[in-house]
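Q: Please take a close look at a single part of this structure, one loop residue and its surroundings, and then set that part in its wider context.

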Amino acid sequence: MDFYILYILTASLIFAFIAVFSLFGVYAERKISAFIQDRLGPMEVGKFGWMQTIADILKLIQKEFIVPTVADKVLFTLAPVIIFVAVYLGFAALPWAPGLTPVSMNLGVFYVFAIISVEALGILMAGWGSNNKYSLIGAVRSVAQIVSYEIPIGFAIIAAVMIAQTLDLQLIGLNQGILAQQEIRFFGFWDVKDIGGILAWNIFQAPHLIIAYIIYFIASLAECNRAPFDIPEAESELIGGFHTEYTGLRFAFIFLAEYAMMFLVAMFGVTLFLGAWNTPLPNIGSLKLADYTTGMFWGIFWVLIKSLLIVAAQMWIRWTLPRLRVDQLMSLCWKVLTPLAFACLVISGLWRLLLF
Amino acid sequence: MVEQIVFYVFAAIAILSGVYVVASQNLVRSVFMFFVTLLSVAGLYVFALADFVALTQIVIYVGGVLVMLLFVFMLSSKDSLDNIVNLKKEALSANRIPATIITIALLVILIYAILLADFEQLDWIKSNKLLIEKAQTSNVHNIGVNIMGRFLLPFELISILLMMTLVGAAHLARKEPNND
């Protein structure tokens with residue numbers, strides 16, 4: 001029976017992490033946007049306004065659920081749950097440290113990719129269930145965008161998987177540092193198995209994966225519906241997109257799903273390309289920095305730091321770049337990202353065939 | 001024991017939601033219910049040690065086919081949807097007789113085949129029982145080797161078919177050049 005308790009404990013821990021991350025993610029987003037636009041941001045509640053989002057969530061919890069009279073009540077109520085659960089399930093397969101994965105499975109990469117695609121259905125459900133033209137247009141835009149950007153993301157992921165030669169996320173992490181079970185070569189020629197650190201990360205094992213990672217990063221912004229890909233919730237034309245009609249805790253869940261998704265894509269990218277839970281510090285001669293900074297707590301620390309940096313970059317981009325038009329969005333996806341990602345895939349294949 | 005209960009729960013959900021998909025008059029709701037059917041069938045695949053098939057089902061059907069179905073509903077005119085809803089509902093109207101004949105014929109064939117088969121003695125079930133240990137460890141590896149080896153020709157044929165639909169879709173979506 002013990003492992004059932006462990007399962008429940010892990011699930012609650014992940015949920016607690018998502019909730020805390022979203023609270024302070026929103027705070028960070030508001031502070032970063034304020035810094036970029038030369039404002040102060042939240043200042044009133046607590047020192048530097050750090051309790052602002054806690055006050056916000058307390059307000060949201062107390063609010064009434066309003067269901068529009070003409071809405072499809074069942075779909076309207078279920079949609080936030082499906083959107084959140086789809087993202088939440090994705091966290092199950094991501095590794096946090098050596099040997100520490102909520103659910104270890106040998107199809108991890110494919111599982112995360114599959115379970116995220118359920119989110120699109122939840123968004124359509126919310127848009128249709130609201131029975132509001134703005135919601136519906138927002139949902140259709142959002143899903144069209146998610147479905148198209150899944151193609152470059154898929155190719156970029158496969159390019160990394162071909163270098164790593166496994167779909168198990170824990171093994172992918174393991175093979176990017178000093179604990180590797182196979183030989184690792186920096187740029188394909190210099191054996192760095194005992195040196196580790198930043199030199200052993202996937203993007204430095206095969207340099208074309210740097211391009212693949214940039215493609216992954218751009219496409220993951222579109223998967224999260226964040227600026228510059230935020231036409232689904234373009235405030236100036238669509239009010240709020242697919243979540244226009246939602247109030248109270250239901251709105252909070254959609255928001256939670258958005259921030260959870262940001263962290264999920266960041267952590268997934270870190271695992272595939274940026275060395276997972278491995279330290280960036282290499283062993284230099286007798287100074288064994290990599291050996292010192294590898295372990296259970298260091299693993300969690302490095303994953304968190306790397307993913308939070310990526311999330312910060314997502315926020316930075318959101319408040320810096322203007323929104324793309326629909327045709328620009330589609331030509332970026334189909335004429336630039338997809339061919340480049342496909343080229344990365346071919347290079348990965350040749351890399352494996354010719355160098356090993 | 002727990003596994004059996006979970007299996008029957010999944011099977012019951014799959015069947016009940018399938019019945020709802022067919023019987024419901026609300027087209028969009030029945031598409032969303034189809035999502036439940038697909039998920040529970042994916043759960044059944046996991047029980048059959050076919051986790052790769054389960055995930056592929058979610059990627060292709062939930063992420064692709066269902067979304068496309070919904071787009072078709074949402075982008076088609078309201079009149080054509082109403083026409084479908086307002087079809088005659090008697091059990092033996094002209095709209096339903098062909099469908100009834102086909103489904104009953106299919107049911108008879110399925111029942112006949114199930115009664116004919118002796119599951120414990122089938123060759124492939126016997127040999128797969130021996131392979132259960134192996135299947136748990138290297139499922140993807142086996143699928144990859146088999147697709148590139150034994151089933152290369154069907155695999156290539158499917159890829160040609162997909163290529164043809166892709167070219168066709170691109171042609172349909174192309175802007176016609178102005179002739180004036």
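A: A residue is called partly exposed when the number of other C-beta atoms within 10 Å of its own lies between the limits for exposed, 12 or fewer, and buried, 20 or more. The model described here is predicted.

By that rule R352(A) counts as partly exposed, because it has 13 C-beta neighbours inside 10 Å. R352(A) belongs to helix α14 of chain A, which covers residues 326–355. Although R352(A) and G188(A) are 164 residues apart in sequence, their C-alpha atoms are 9.8 Å apart in space.

G188(A) is the loop residue in question. The loop that holds G188(A) runs between β1 (185–186) and β2 (190–191) of chain A. G188(A) is likewise partly exposed, since 14 other C-beta atoms lie within 10 Å. When neighbours within four places in sequence are set aside, the residues in contact with G188(A) are A206(A), W351(A) and L355(A). A further distance concerns I172(A): this residue is 16 residues from G188(A) along the chain, and their C-alpha atoms are separated by 17 Å.

The wider context begins with the nonpolar core. The largest such core has 124 residues, and the members that touch the most others are L121(A), L124(A), A156(A), A160(A) and A212(A). Helix α11 of chain A, residues 248–272, gives the most to this core, with 17 residues. For A156(A), the contacts beyond four places in sequence are A212(A), I215(A), Y216(A), A341(A) and C344(A).

A pair of helices in chain A offers another view of packing. Helix α3 (residues 73–90) and helix α4 (residues 108–116) of chain A pack with their axes 8 Å apart, at an angle of about 170°. The two helices, α3(A) and α4(A), are therefore roughly antiparallel. Where they meet, A86(A), L89(A) and G90(A) of α3(A) face V112(A), I115(A) and I116(A) of α4(A). This contact of α3(A) with α4(A) comprises five nonpolar residues, one polar residue and no charged residues.

Finally, chain A also meets chain B. Their contact takes 19 residues from chain A and 15 residues from chain B. On the side of chain B that touches chain A, α2 (27–47) and α3 (51–75) of chain B each supply at least two residues. The largest share of that side, 11 residues, comes from α3(B). By class, the residues on this side of chain B are 13 nonpolar, one polar and one charged.

Technical notes:
Residues numbered from 1 in each chain as written. Chains lettered and ligands numbered in written order. Predicted model: local features only at pLDDT ≥ 70, side-chain atom pairs only at ≥ 80, totals over all residues. Helix = DSSP H or I, 4+ residues; strand = E, 2+ residues; numbered from the N terminus. Contact = placed C-beta atoms within 7 Å. Axes fitted to C-alpha atoms, helices over the stretch in contact; angles between N-to-C directions. Parallel < 35°, antiparallel > 145°, perpendicular 65-115°, else oblique. Nonpolar A, V, L, I, M, F, W, Y, C, P; charged D, E, K, R; others polar. Core = buried A, V, L, I, M, F, W, Y, C linked by C-beta atoms within 7 Å.
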